[in-house]
Amino acid sequence: MLYEYDCGDIHSVISNANSSTEGCHTESVITLKEGLISLFSEGILCDIQLKTATEAFPAHKVVLSARSPVFKSMFETDMREKTNNSVEIEDLDATTVRQMLLFLYSDTLDNLDYESARSLYFAADKYQIVSLRHMCSNFLKENLLYSNCCDVLLLADKHQDKDLKISVQDCIADNDEVVLFSDEWKTLVENEPRLTTEILLGLYMKNRKIHLTSS
């Protein structure tokens, strides 16, 4: 059956279509990132809790699993975390866990400073969040000082971060007269003789190479 429209009908249909289209344009578009952050911040449809000594954070297994192979393994196998729907975190404070979760949901870090970068580096290594570890490592490299290089050296050695360790060694070489006579270095020599010997040997070989090249 054919339907006949007069001009008024056609004009009405077009007007309604345009109105509908205009309505779509005025609606706010929510990105995936914004949607995930909203789910986390509002605690919507959460199915797991990350518990520190002072605070618990509702989260989503699917997001944590997508971002961390450690979390993925927890939730796929019959581990305590899967059964209890909670993850007990004893070696990270609440602030660090909150920042880690925000990164997992948004892939961004806000207000990063030396202390938070150091703590997040440890968290990233523990849960194998490669992009977060890389970001924190770069921040530590860019903010190396003679006053913190011993601390960063310990961190790099513990987590087998070769690139960060090389950056620390370069920092020590540039500030050797200050670093090697500091209380921090003396403490490091007492507690980590293998590590300090390795660094001193590296400095010696570097200086020897420079001397031979200039001769």
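This passage goes through the overall make-up of a predicted model, then its aromatic pairs, two helix contacts and a couple of residues in helix α13.

Starting with the broad picture, the protein chain carries 13 helices and three strands. Of its 215 residues, 33% come out as buried. Take the contacts with a separation of 6 or more: 60% of them are between residues 24 or more positions apart.

Now for the aromatic rings. The count comes to three aromatic pairs. In one of them, Phe 71 and Phe 75, the ring centres are 6.1 Å apart and the planes lie at 10°, so this pair is stacked. Phe 71 and Phe 75 are both in helix α4, which covers residues 69–76, and being four residues apart they are separated by about one helical turn. Both Phe 71 and Phe 75 are buried; for Phe 71 the relative accessibility is 0%, and because buried means under 20%, Phe 71 clearly qualifies.

Phe 71 has another ring partner, Tyr 127, and that pair is stacked too, with 4.5 Å from centre to centre and 10° between the planes. Here the link is between distant parts of the chain: Phe 71 belongs to helix α4, while Tyr 127 sits in the loop between α7 (114–126) and α8 (130–142), 56 residues apart. Tyr 127 has a relative accessible area of 2%, so this loop residue counts as buried. Put together, ring pairs join Phe 71, Phe 75 and Tyr 127 into a cluster. A charge comes into play here as well, since Lys 61 places its charged end over the ring of Phe 75, 5.9 Å from the ring centre.

On to the helix packing. Two packed helices are described by the angle between their axes and the distance between the axes. For α7 and α8, the two helices on either side of the Tyr 127 loop, the angle is about 145° and the axes are 8 Å apart. The crossing of α7 and α8 is left-handed. On the α7 side, the contact involves Tyr 114, Ala 117, Arg 118, Leu 120, Tyr 121, Ala 124 and Asp 125. Facing them from α8 are Leu 132, Arg 133, Cys 136, Ser 137, Phe 139 and Leu 140. Sorted by type, the residues of this contact between α7 and α8 are nine nonpolar, one polar and three charged.

A second contact brings together helix α2 (residues 32–42) and helix α6 (residues 94–106), whose axes come within 8 Å and cross at roughly 145°. From α2 the residues taking part are Lys 33, Leu 36, Ile 37 and Phe 40, and from α6 they are Leu 101, Leu 102, Tyr 105 and Ser 106. The α2 and α6 contact splits into six nonpolar residues, one polar and one charged.

Finally, helix α13, which spans residues 193–214, holds Tyr 204 and also Thr 196. Thr 196 is buried, its relative accessible area being 3%. Setting aside neighbours within four places in sequence, Thr 196 touches Trp 185, Leu 188 and Val 189. Tyr 204, on the other hand, is partly exposed at a relative accessible area of 48%. Between Tyr 204 and Ala 173 there are 9.7 Å in space, C-alpha to C-alpha, although the two are 31 residues apart in sequence.

Notes
Residues are numbered from 1 along each chain as its sequence is written. This is a predicted model: local features need pLDDT of at least 70, side-chain atom pairs count only at pLDDT 80 or more; totals for chains, interfaces and linings use all residues. Side-chain values use heavy atoms; hydrogens and water are left out. Buried means under 20% relative accessible area, exposed over 50%, partly exposed in between (1.4 Å probe, protein chains only). Rings of Phe, Tyr and Trp (its six-membered ring) pair if their centres lie within 6.5 Å; planes under 30 degrees apart count as stacked, over 60 as edge-to-face and the rest as tilted. A charge sits over a ring if NZ of Lys or CZ of Arg is within 6 Å of the ring centre and within 35 degrees of the ring normal. Contact means heavy atoms within 4.5 Å. Axes are lines fitted to C-alpha atoms, for helices over the stretch in contact, and angles run from 0 to 180 degrees between N-to-C directions. A crossing is left-handed if the near helix is turned anticlockwise from the far one by less than a right angle, and right-handed if clockwise. Ala, Val, Leu, Ile, Met, Phe, Trp, Tyr, Cys and Pro count as nonpolar, Asp, Glu, Lys and Arg as charged, and the others, Gly among them, as polar.
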